[in-house]
Amino acid sequence: MTNTASIIGGGVIGGGWAARFALNGWNVRIFDPDPEAERKIGAVMDNARRALPMLVDVAMPAEGTVTFCETLEAAAEGAALIVEAVPERTEIKHKVYAQIEAVNTEGIIASSTSGIMPTELQSQMVHPARLIVAHPFNPVYLLPLVELVAGAQTDATMIERAKEIYAGIGMYPLHCRVEIEGFLSDRLQEALWREALWLLHDDVATAEEIDAAIAYGPGLRWAQMGTMQTFHLAGGEGGMRSMLAMFGPCLKWPWTKLMDVPDLTDDFVNKVGDQCDRQARDLVPRDLERIRDNNLIGIIRSLKQGEWGAGAVARAHERQLRPEPVAAAPMITQSRVVPVDWTDMNGHMNEGRYGQIFSDAAETIMAAVGADDDYVASGLSYFTVETTIKYLKETHAGERVQVRTIVTEGVRKKLRCLHEMVRASDGEVLATCDQFMLHVSLETRRTCEPGPEVAARVAALAAAHEGLSQ
Ligand SMILES: NC(=O)C1=CN([C@@H]2O[C@H](COP(=O)(O)OP(=O)(O)OC[C@H]3O[C@@H](n4cnc5c(N)ncnc54)[C@H](O)[C@@H]3O)[C@@H](O)[C@H]2O)C=CC1
Ligand SMILES: C[N+](C)(C)CC(=O)CC(=O)[O-]
């Protein structure tokens with residue numbers, strides 16, 4: 001059964017939630033009184049459709065429906081999850097909860113608030129036990145973090161249910177156990193932002209220089225380890241203890257002004273705004289969003305290699321989405337979108353990536369005949385000894401492709417596959433690969449006979465595919 005999420009407020013964050021849920025197969029009902037909301041969400045959905053499928057090396061589920069409702073009541077009625085993403089004003093949020101409660105007494109109400117305490121948010125509700133904070137990060141469709149916070153009246157089971165829901169759409173639910181304004185991430189981000197505003201206010205540095213001071217150094221580290229582990233390493237072999245002994249006292253030196261905030265006068269707001277506009281040069285926010293998304297995809301995909309941080313989350317999501325191989329003839333051994341980091345200076349999928357996708361297809365065949373991760377861990381595997389790839393048509397980032405495979409030989413040590421990569425939209429053949437593999441012992445690094453079960457399954461697949469041609 002398809003799940004339904006109701007989204008109240010379709011701005012930057014509501015649009016991002018709509019994209020994340022819909023692209024993970026949920027039906028979405030949105031209410032936003034802004035007559036421009038549908039157009040704005042359409043633009044976010046377009047960005048997300050391009051970006052999110054590039055994170056995983058498998059096909060995403062079929063997209064859910066996105067319905068724009070005339071009233072809040074129509075959007076909220078009957079939904080198991082109601083995502084609130086209205087402006088950061090307590091009085092607006094209270095009013096919205098009252099409207100939701102008039103038509104829905106069961107669903108989880110998940111506020112996107114960046115820092116208002118859930119105890120405050122639920123204080124006027126009739127059924128406060130179901131209100132939680134689920135604080136996301138922009139762009140919601142790409143960044144996995146969602147901070148979950150319970151209020152004093154929240155039923156503890158809501159957090160457990162929410163963890164399952166958000167993990168199911170590829171997110172990293174971080175339960176903030178102690179309720180505190182600004183939760184964890186925004187307290188950290190805003191400490192830095194306050195300092196940045198002071199530096200700009202006092203003409204110590206421009207917006208561009210302040211961002212360079214992060215993007216070329218600490219920011220790169222923070223994508224994969226937070227402040228604690230980063231400084232643990234900065235202390236050398238003595239770790240964090242050495243770090244605290246040497247640099248701890250500096251925290252009391254006049255390096256920071258962290259507690260007060262520059263007054264947001266019109267002059268100061270214009271000064272910051274003008275510098276940020278100049279920094280963006282001729283790029284408008286929608287252009288910058290695409291650049292940001294491409295960079296995030298590249299970073300998260302590289303973290304996937306080592307199953308680290310956000311990359312481990314994307315890998316876990318991929319495992320949830322990976323279909324069991326179906327013994328069809330030919331077999332669909334890959335179904336995925338071409339990611340941005342697979343393209344080259346010619347603006348199309350680089351030739352090396354054809355090797356990658358056919359290798360991934362061969363791994364699907366290996367798994368289907370029982371030469372899976374456990375088999376490889378037992379010391380037996382297949383090595384490729386020869387491939388012939390024909391590049392027939394170009395393919396580009398964002399295009400959905402499939403690989404269809406037939407096993408053309410499966411006798412004793414030999415396993416030969418003919419793969420054909422096609423464009424999913426029209427079946428056009430983009431490339432073919434004739435791949436010859438030999439069964440090996442990972443101990444001797446020499447060929448050997450496969451185990452009897454694998455041998456039987458390879459022979460059966462070859463028999464089932466006999467006479468087929470691509
Ligand atoms: N912008 C950001 O980076 C982040 C924002 N948030 C939180 O998400 C929430 C929404 O923020 P944004 O999306 O940035 O704001 P936004 O201003 O982009 O969107 C708010 C939307 O709510 C709509 N709205 C206003 N009153 C409404 C009502 N009564 N019923 C339904 N819709 C209504 C507005 O028309 C607007 O489209 C806030 O609580 C904010 O703190 C959370 C994470 C990041
Ligand atoms: C600026 N902000 C407080 C709205 C930021 C967030 O809440 C999270 C984010 O995306 O950085």
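Which side chain is joined to that of Ser111 by a polar contact of 2.6 Å? To find out, select Ser111 in your viewer, bearing in mind throughout this tour that the model is predicted, and then display the side chain of Glu84, which is the partner in that contact. Ser111 belongs to strand β5, which covers residues 108-111, and because its relative accessibility is 0%, below the 20% cut-off, Ser111 counts as buried.

**Stop 1: ligand 1**

Next, select ligand 1 together with the residues around it, of which there are 22, with Ile13, Asp32, Glu88, Lys93 and Ser114 coming nearest. If you colour this shell by class, you should find 10 nonpolar residues, eight polar ones and four charged ones. Two helices that each supply at least two residues of the shell are α1 (12-23) and α4 (90-103), and it may help to show them as ribbons while you look at the individual atoms.

Now turn to the contacts made by oxygen atoms of ligand 1. Begin with Asp32, where a polar atom of the side chain lies 2.6 Å from an oxygen atom of the ligand. Then select Val12, where a backbone N or O atom lies 3.0 Å from an oxygen atom of ligand 1, and continue to Val86, which has a polar backbone atom 3.3 Å from an oxygen atom of the ligand. Taken alone, ligand 1 exposes 820 Å², and the protein buries 73% of that area.

**Stop 2: ligand 2**

Keep Ser114 on the screen and select ligand 2, which is surrounded by Ser114, His135, Pro136, Phe137, Asn138, Asp186, Gln189 and Glu190. By class, this shell divides into two nonpolar, four polar and two charged residues. Which helix gives the most to the shell around ligand 2? Select residues 185-201 and you will have helix α7, which provides three residues.

The contacts here can be visited one at a time. The side chain of His135 has an N or O atom 2.7 Å from an oxygen atom of ligand 2, while a polar atom in the side chain of Ser114 lies 2.9 Å from an oxygen atom of ligand 2. At Asn138, look at the backbone instead, where a polar atom is 3.0 Å from an oxygen atom of the ligand. On its own, ligand 2 exposes 320 Å², of which the protein buries 63%.

**Stop 3: salt bridges**

A search of the whole structure finds 31 salt bridges, and a few of them are enough to show how such pairs can be placed along the chain. Start by selecting Lys271 and Asp203, whose side chains meet with 2.7 Å between N and O. This pair links distant parts of the chain, since Lys271 is in helix α12 and Asp203 is in the loop between α7 and α8 (207-215), with 68 residues separating them. Are these two residues buried or exposed? Lys271 counts as partly exposed, at 25% relative accessibility, whereas Asp203 is exposed, with a relative accessible area of 58%.

Then select Arg286 and Glu289, whose side chains form a salt bridge of 2.8 Å from N to O. Both residues lie in helix α13, three residues apart, which is about one turn of the helix. Arg286 counts as partly exposed, with a relative accessibility of 35%.

Another pair within a helix is Glu453 and Arg457, in whose salt bridge the closest N and O atoms are 3.2 Å apart. Because Glu453 and Arg457 are four residues apart in helix α17 (residues 452-465), about one helical turn separates them. Glu453 counts as exposed at 54% relative accessibility, while Arg457, at 36%, is partly exposed.

To see salt bridges linked in a network, select Asp57, Arg301, Lys304, Glu307, Arg315, Glu318, Arg319, Arg322, Arg336 and Asp341 together.

**Stop 4: a nonpolar patch**

Finally, switch on the surface and select Leu283, Leu288 and Ile291, which make a nonpolar surface patch of about 210 Å². Leu283 lies in the loop between α12 (266-279) and α13 (285-305), and its relative accessible area of 32% makes it partly exposed.

Key:
Residues numbered from 1 in each chain as written. Chains lettered and ligands numbered in written order. Predicted model: local features only at pLDDT ≥ 70, side-chain atom pairs only at ≥ 80, totals over all residues. Heavy atoms only, no water. Near = heavy atom within 4 Å. Polar contact = N/O pair within 3.5 Å; in protein donor to acceptor, adjacent residues only side chain to side chain. Areas by Shrake-Rupley, 256 points an atom, 1.4 Å probe, with all protein chains shown as cover. Nonpolar A, V, L, I, M, F, W, Y, C, P; charged D, E, K, R; others polar. Patch = residues over 30% accessible without salt bridge, like charges linked within 9 Å, V, L, I, M, F, W, Y side chains within 5 Å. Salt bridge = Lys/Arg side-chain N within 4 Å of Asp/Glu carboxyl O. Buried < 20%, exposed > 50% of the residue type's maximum accessible area, 1.4 Å probe, protein only.
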